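Trainee: I'd like to learn how to read features off a model like this one. Can we go through it together?
Mentor: Sure, ask away.

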Amino acid sequence: GTDWDGFARAHWLRFLDIESEVGSHSYTHPDDINDPAIDLAFQFDTCQNETMAELGLPRLGTAQPGATETLATALTLSQYFATTYFSGGYSGIGAGYPNAFGYLQPGQTMVYMAPNMFFDFTAVDFLGWTA
């Protein structure tokens, strides 16, 4: 678990002090959240609620770990982030929903974002890009 009393709380409160945003990710960072064996409620709802409680936040957005999520998975996750946003996995050309920003279906309140960019771990670990 997170060491809230040692390092984490003070660290993240400093970000809030300078008016930066703190978001959630997942509890154990599963490689593929589309796997039916993954407990999405635990991974996202538990993580979100614990982080909000520890930092005194009324709501919290999240970014997805691991492989790009399917539409069915994203729709399932919308129940946990109905008042905020979900940033999907890598969605460049040939993956996910490139440059998507908005709602996944009519009537939703969760904003879905799909960045069309490489993330640090992709650029460094898989593409070998270094300074």
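Trainee: Let me start with one side chain: does aspartate 5 count as buried or exposed, and at what relative accessibility?
Mentor: Keep in mind that this is a predicted model. Aspartate 5 counts as exposed, because its relative accessibility is 72% and the cut-off for exposed is over 50%.

Trainee: And which side chain does aspartate 5 meet in a salt bridge?
Mentor: The general idea comes before the case. Side chains of opposite charge can pair when their charged atoms come close. Here, the partner of aspartate 5 is arginine 9, with 3.2 Å from N to O. Both residues sit in helix H1, four residues apart, which is about one turn of the helix.

Trainee: How many salt bridges turn up in the whole structure?
Mentor: A search finds two. Arginine 9 also forms a salt bridge with glutamate 54, and there the closest N and O atoms are 2.3 Å apart. Since arginine 9 belongs to helix H1 and glutamate 54 to helix H2, this pair ties together parts that are 45 residues apart in sequence. Through shared partners, the salt bridges join Asp5, Arg9 and Glu54 into one network.

Trainee: What are the relative accessibilities of arginine 9 and glutamate 54?
Mentor: Arginine 9 has a relative accessible area of 24%, so it is partly exposed. Glutamate 54, at 28%, counts as partly exposed too.

Trainee: Let's zoom out. In what order do the helices and strands run?
Mentor: Starting at the N terminus, the pattern is α-α-β-α-β-β-β-α. That comes to four helices and four strands. The chain has 131 residues, and buried ones make up 33% of them.

Trainee: Can you show me a residue in a loop? Where does proline 30 lie?
Mentor: You'll find proline 30 in the loop between H1 and H2. Its relative accessible area is 8%, so proline 30 is buried; the cut-off for that is under 20%. There's also a contact in space to look at: the C-alpha atoms of proline 30 and glutamine 64 are separated by 9.5 Å, while the two residues are 34 apart along the chain.

Trainee: Now pockets. What volume does the largest pocket have?
Mentor: Again, the idea to start with: rolling a probe the size of a water molecule over the atoms shows where empty space is left. In this model, the largest pocket has a volume of about 330 Å³. Its lining has 16 residues, and the closest to the centre are Trp4, Trp12, Gly23, Cys47 and Thr51.

Trainee: Which helix gives the largest share of that lining?
Mentor: That would be H2, with four residues. H1 and H2 each supply at least two residues of the lining. By character, the lining divides into seven nonpolar, seven polar and two charged residues.

Trainee: Trp12 was in that list. Where is tryptophan 12 placed?
Mentor: Tryptophan 12 is in helix H1, which covers residues 4–17. With a relative accessible area of 32%, tryptophan 12 is partly exposed.

Trainee: Which residues form a nonpolar patch with Trp12 on the surface?
Mentor: Phe15 and Ile18 do, and the three together have about 290 Å² of accessible area. So Trp12 gives you two features to look at: the surface patch and the largest pocket, where Trp12 is one of the residues closest to the centre.

Key. Residues are numbered from 1 along each chain as its sequence is written. This is a predicted model: local features need pLDDT of at least 70, side-chain atom pairs count only at pLDDT 80 or more; totals for chains, interfaces and linings use all residues. Side-chain values use heavy atoms; hydrogens and water are left out. Patches are made of residues with over 30% relative accessible area and no salt bridge: like charges are joined within 9 Å, nonpolar side chains (Val, Leu, Ile, Met, Phe, Trp, Tyr) within 5 Å. Accessible areas come from the Shrake-Rupley method with a 1.4 Å probe; for residues, only the protein chains shown count as cover. A salt bridge is a side-chain nitrogen of Lys or Arg within 4 Å of a carboxyl oxygen of Asp or Glu. Buried means under 20% relative accessible area, exposed over 50%, partly exposed in between (1.4 Å probe, protein chains only). On a 1 Å grid over the protein atoms alone, a cavity is a set of points where a 1.4 Å probe fits but cannot get out, and a pocket is an open set with protein on both sides within 12 Å along at least five of seven lines; lining residues have an atom within 4 Å of a point. Grid points are joined across faces, edges and corners, and a volume is the space filled by probe spheres set on the points. Ala, Val, Leu, Ile, Met, Phe, Trp, Tyr, Cys and Pro count as nonpolar, Asp, Glu, Lys and Arg as charged, and the others, Gly among them, as polar.
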